[in-house]
Amino acid sequence: MSVQINNKIVGYSVVDDVEDESLAETPAVESTESSNEDISNVIQMHEKLERPDHLVGSTYKVKTPLSEHALYVTVNDIVLNEGTDHEQRRPFEVFINSKNMDHFQWIVALTRIISAVFRKGGDVTFLVEELRSVFDPRGGYFKKGGKYMPSLVAEIGDCIECHLKYIGMIGGSKVDAHQKEFLDKKRAEYDKKSVATKATSNTVQSDEIKSTQESSAAESFPAGSQLCAKCTTKAVIKMDGCMTCLNCGDSKCG
Ligand SMILES: [Zn+2]
């Protein structure tokens with residue numbers, strides 16, 4: 001529709017009421033309004049949420065070369081909106097126990113702060129990266145499987161990541177199924193090559209290699225693997241002129 005303007009334009013205003021009214025008439029908006037109401041009934045994590053008497057949780061054992069005693073990290077979860085479509089499991093508190101009391105006051109402080117962050121709600125996954133980027137000035141250590149741990153704090157971050165993956169707050173492995181298959185194939189090729197070269201020099205040794213490979217096939221990476229700068233795991237091998245990480249798939253050629 002066109003309107004002819006014969007007079008001078010002396011002022012104008014944007015008419016926005018018309019748009020709102022026309023939208024309000026459509027049933028689509030009504031349905032979102034009612035679903036908004038539903039969402040407002042959904043309980044989200046917030047700090048005033050009372051702790052139920054019973055919580056479910058998981059305990060992770062951490063054994064480090066720093067101490068002869070293991071550390072036990074327990075994360076308890078609260079289940080919100082149980083039995084509804086909005087059911088979700090959120091971390092509520094963390095406890096750390098050990099016979100080793102060396103770092104106890106810091107550990108207690110850390111667990112209290114982490115628990116407080118959990119109870120605030122929202123996206124708490126940032127905690128993992130924060131903790132994992134703490135480096136012990138005395139140096140870190142390698143875990144079974146060749147993963148480098150820069151500090152005890154980082155190890156606690158690892159436990160929390162493990163738990164958040166378990167309850168579905170963090171997605172699974174960053175390596176997708178297709179890439180995993182490719183890496184497994186590379187790994188098998190590499191193993192075959194290295195066994196073949198050793199076999200020519202010493203037949204008894206090759207049997208030994210085979211047996212150790214069978215026992216640790218899933219967890220560890222080939223002996224002599226280099227440290228990957230991306231995932232800090234000793235899993236980088238040289239194949240076909242490329243340095244390839246068998247853990248995260250990071251690759252550099254040339
Ligand atoms: Zn890597």
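## Helix H3

Let us start with a simple check on helix H3, which covers residues 104–120. At 1.5 Å a residue, its 17 residues should span 24 Å, and the C-alpha atoms at its two ends are indeed 24 Å apart, so expectation and model agree. Keep in mind as you read on that this is a predicted model.

Which residues of H3 are buried? They are Ile107, Ile114 and Phe118. Looking down the axis of H3, you would find its buried residues within an arc of 45°, so they line one face of the helix. The face turned away from that buried side carries exposed residues: Gln105, Val108, Ala109, Ile113, Ala116 and Lys120. The cover over the buried residues of H3 includes strand S3 (88–98) and helix H4 (126–132). After H3 comes Gly121, with a positive phi near 85°.

## The sheet S1-S2-S3

Strand S3 also belongs to an open sheet of three strands, ordered S1-S2-S3 and paired in the antiparallel sense. S1 and S3 are the edge strands, each pairing on one side only. On average, and ignoring direction, neighbouring strands of this sheet are turned by 20° against each other.

The antiparallel strands S1 and S2 are joined by seven bridges. If you would like to find one pair in the structure, look for Ser58, whose bridge partner in S2 is Val75.

## A closer look at Ile78

Strand S2 is also home to Ile78. Is Ile78 buried or exposed? A residue counts as buried when 20 or more other C-beta atoms lie within 10 Å of its own. Ile78 has 23 C-beta neighbours inside 10 Å, so Ile78 counts as buried.

Leaving aside residues up to four places away in sequence, Ile78 touches Pro52, Leu55, Arg90 and Phe92. Ile78 and Pro91 are 13 residues apart in sequence, while their C-alpha atoms are 6.2 Å apart in space.

## Helix H5 across the sheet

Now turn to helix H5, made of residues 152–166. The length check works here too: at 1.5 Å a residue, its 15 residues should span 21 Å, and its end C-alpha atoms are 21 Å apart, which agrees. H5 lies across S1, S2 and S3 and runs at about 140° to S1.

The buried residues of H5 are Leu152, Val153, Ala154, Glu155, Ile156, Gly157, Cys159, Ile160 and His163. What do the buried residues of H5 pack against? Their partners are strand S1 (56–62), strand S2 (71–80), S3, H4 and strand S5 (148–149). H4 therefore appears in two settings, as it is also part of what covers the buried residues of H3. H5 is followed by Gly168, whose phi is positive, near 85°.

## Two hairpins: S7, S8 and S9

Further along the chain, strand S7 (residues 234–239) pairs with strand S8 (residues 242–245) in the antiparallel sense, over four bridges. One bridge partner to look for is Cys242 in S8, which goes with Met239. The hairpin of S7 and S8 has two residues between the strands, and in this hairpin Asp240 takes a positive phi near 50°.

S8 also pairs with strand S9 (residues 251–253), again in the antiparallel sense, this time over three bridges. Here Thr244 stands opposite Ser251 in S9. How many residues lie between the strands in the hairpin of S8 and S9? There are five, and Gly249 in the turn has a positive phi of about 90°.

Technical notes:
Residues are numbered from 1 along each chain as its sequence is written. This is a predicted model: local features need pLDDT of at least 70, side-chain atom pairs count only at pLDDT 80 or more; totals for chains, interfaces and linings use all residues. The expected span of a helix is 1.5 Å times one less than its number of residues. A residue is buried if 20 or more other C-beta atoms lie within 10 Å of its own, exposed if 12 or fewer, and partly exposed in between; C-beta atoms are placed from the backbone. The arc is that of the directions from the helix axis to the C-beta atoms. Two residues are in contact if their C-beta atoms, placed from the backbone, lie within 7 Å. Two strands pair if DSSP finds at least two bridges between them. Axes are lines fitted to C-alpha atoms, for helices over the stretch in contact, and angles run from 0 to 180 degrees between N-to-C directions.
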